[in-house]
Amino acid sequence: MNGALMKDAHGRVIDYLRISITDRCNLRCIYCMPEDGVTPLCHDDILRFDEIVAIVRVAASSGIRRVRLTGGEPLVRKGVVNLVREVANIPGIEDVSLTTNGILLPRMAWDLKDAGLKRVNISLDTLDAAQFTEITRVGCLQDTIDGIEAALEAGFRPVKVNAVAVRRLNQDFYRFARMSVDRPLHMRFIEYMPVGGGEEDPGCGWDEGDVITCDEILSIINDRAVAEGSSPLVPAEKSRPVGGGPASYYQFPGALGTVGFISPRSRHFCSSCNRLRCTADGKIMPCLFSDDRYDIKAAAASGDEGAIRAVLNEAMGRKPDEHHHRVGTERGMSQIGG
Ligand code: SAM
Ligand code: SF4
């Protein structure tokens with residue numbers, strides 16, 4: 001059944017599964033979780049690795065081709081290298097990637113590469129050390145920079161670096177984008193999303209006024225480029241990084257990398273949504289902006305392939321046509337995995 005295609009009720013092919021392997025994190029980013037963190041899941045509630053492997057096996061036989069491990073911070077979970085190896089060896093899985101804050105990459109990048117990890121996305125919102133600590137509350141900029149270096153040295157390609165753009169932070173977008181010039185880095189901007197915090201505190205302090213649209217970021221970067229006597233960004237056609245995501249890519253002429261824009265607020269890409277999400281406690285989520293979720297943990301624990309497939313199919317059948325600009329979900333990004 002490895003040739004199977006999984007289509008949802010709106011005709012979209014679903015071939016991408018994002019799996020959060022932990023809700024724990026070594027940072028406390030202001031747009032992702034409250035200052036005192038979120039109540040961690042009990043050990044028994046978290047999907048075991050054999051349960052994750054069972055889910056991916058069935059998902060692969062139903063048409064899932066790419067898996068991304070995320071969190072919380074996926075690299076804080078013990079044994080993640082072995083999990084990568086097992087998932088990468090599942091027939092039908094063509095691509096295993098990881099989203100990380102990069103802090104643990106200097107000690108783990110080579111083992112992850114050896115285990116079959118193809119690509120990493122690293123989150124970094126600013127190149128200003130004080131602002132980095134302000135945003136992450138407890139982090140140190142150099143740790144994430146070292147993580148990016150380790151990812152490049154270990155040979156991951158592409159290395160994508162993701163920044164959440166938040167107006168009140170007044171980040172230096174131009175300096176961030178210019179990191180794509182001398183290194184094969186794909187620097188991407190993500191519009192601030194009102195996920196988590198419920199309707200009372202959506203997106204942990206999110207406010208519509210804090211959303212900077214990708215069009216505005218592009219203008220800010222290009223105005224600055226012109227003011228500094230360099231060329232503005234142009235659409236990147238030939239050197240787009242691989243991946244099935246919704247970003248649009250640009251490039252400074254002659255740059256080794258690209259600059260990408262992900263605009264879930266201003267230009268939602270629901271019509272090309274290709275993914276399901278699985279939370280660390282084994283809930284399949286059809287949409288990031290919905291509290292709809294389907295429990296797969298019991299099915300995975302039983303190892304019953306039919307039961308696992310039934311949950312995947314049910315969640316897929318419930319994928320909404322679009323997110324309708326929902327503001328505030330029960331679960332935050334660190335609990336869903338972004
Ligand atoms: N800890 C890892 C990391 O930071 O890369 C993986 C998990 S994190 C929840 C996944 C992604 O979600 C990160 O790129 C993060 O910047 C992004 N994210 C978190 N909260 C967000 C928000 N409110 N709006 C947009 N992106 C957000
Ligand atoms: Fe942790 Fe990633 Fe959330 Fe930051 S964005 S708090 S690194 S899970």
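1. Helices here are DSSP runs of H or I with at least four residues, strands are runs of E with at least two, and both are numbered from the N terminus. By that count, Arg 137 sits in the loop between α4 (129-136) and α5. The model is predicted, and the points below should be read with that in mind.

2. Arg 137 deserves a look at its backbone. Its phi is positive, about 70 degrees, although the residue is not a glycine. Most residues other than glycine have a negative phi, and most peptide bonds are trans. Buried or exposed, or in between: where does Arg 137 fall? Arg 137 is partly exposed because its relative accessible area is 27%, and the partly exposed class lies between the 20% and 50% cut-offs.

3. Asn 170 also has a positive phi, near 55 degrees, and is likewise a residue other than glycine. Asn 170 belongs to the loop between β5 and α6 (173-182). With a relative accessible area of 67%, Asn 170 is exposed, since exposed means over 50%.

4. One peptide bond should be checked as well. The bond from Arg 157 to Pro 158 is cis, and its omega is near -5 degrees. Pro 158 lies in the loop that runs between α5 (141-153) and β5 (159-165).

5. Next, the sheet. It is open and has 12 strands, in the order β7-β8-β9-β6-β5-β4-β3-β2-β1-β10-β11-β12, with mixed pairing. Its edge strands, each paired on one side only, are β7 (234-235) and β12 (294-295).

6. Strand β1 (residues 16-20) has β2 on one side and β10 on the other in the strand order. Five bridges join β1 to β2, and the two run parallel. The pairing of β1 with β10 (residues 275-278) is also parallel and has four bridges. Ile 19 appears in both pairings: Leu 69 stands opposite Ile 19 in β2, and Cys 278 is the bridge partner of Ile 19 in β10. Leu 17 has Leu 276 opposite it in β10.

7. How many of the residues of strand β2 (residues 66-70) are buried? Five of the five are, so β2 is largely enclosed by the rest of the structure. In a regular strand the side chains alternate between the two faces of the sheet. In β2, Arg 66, Arg 68 and Thr 70 point one way, while Val 67 and Leu 69 point the other way. The buried residues of β2 thus include two arginines, Arg 66 and Arg 68.

8. Strand β10 can be read in the same manner. Arg 275 and Arg 277 point one way, Leu 276 and Cys 278 point the other way, and all are buried. On the side away from β1, β10 meets β11 (residues 283-285) through two bridges, and this pair runs antiparallel. Met 285 in β11 is the bridge partner of Arg 277. Four residues lie between the strands in the hairpin of β10 and β11, and Gly 282 there takes a positive phi near 80 degrees.

9. Ligand 1 has 17 residues around it, of which Tyr 31, Gly 72, Ser 123, Met 193 and Met 333 come nearest. The shell consists of six nonpolar, nine polar and two charged residues. A nitrogen atom of ligand 1 is 3.0 Å from a polar backbone atom of Tyr 31, and a nitrogen atom of the ligand is 3.0 Å from a polar backbone atom of Gly 72. With Ser 123 the protein partner is a polar side-chain atom, 2.5 Å from an oxygen atom of ligand 1. Taken alone, ligand 1 exposes 550 Å², and the protein buries 94% of that.

10. Ligand 2 is surrounded by Cys 25, Leu 27, Arg 28, Cys 29, Cys 32, Met 33, Gly 72, Asn 101 and Ser 334. This shell has five nonpolar residues, three polar ones and one charged one. Gly 72 is among the residues that come nearest to ligand 1 and is also part of the surroundings of ligand 2.

11. Which loop holds Asn 101? Asn 101 lies between β3 (95-100) and α3 (105-115). Asn 101 counts as buried because its relative accessibility is 7%, against a cut-off of under 20%. The side chain of Asn 101 makes a polar contact of 2.8 Å with the side chain of Asn 26, and reaches the backbone nitrogen of Ile 103 at 3.1 Å. Residues that Asn 101 touches, beyond those up to four places away in sequence, include Cys 25, Leu 27, Glu 73, Ile 122, Ser 123 and Thr 144. Of these, Ser 123 is also one of the residues nearest to ligand 1, while Cys 25 and Leu 27 help surround ligand 2.

Conventions: Residues are numbered from 1 along each chain as its sequence is written. Chains are lettered from A and ligands numbered from 1 in the order in which they are written. Side-chain values use heavy atoms; hydrogens and water are left out. A residue is near a molecule or strand if one of its heavy atoms lies within 4 Å of it. A polar contact is a pair of N or O atoms within 3.5 Å; within protein, one must be able to donate a hydrogen and the other to accept it, and residues adjacent in sequence count only if both atoms are side-chain atoms. Accessible areas come from the Shrake-Rupley method with a 1.4 Å probe; for residues, only the protein chains shown count as cover. Ala, Val, Leu, Ile, Met, Phe, Trp, Tyr, Cys and Pro count as nonpolar, Asp, Glu, Lys and Arg as charged, and the others, Gly among them, as polar. Two strands pair if DSSP finds at least two bridges between them. Buried means under 20% relative accessible area, exposed over 50%, partly exposed in between (1.4 Å probe, protein chains only). Contact means heavy atoms within 4.5 Å.
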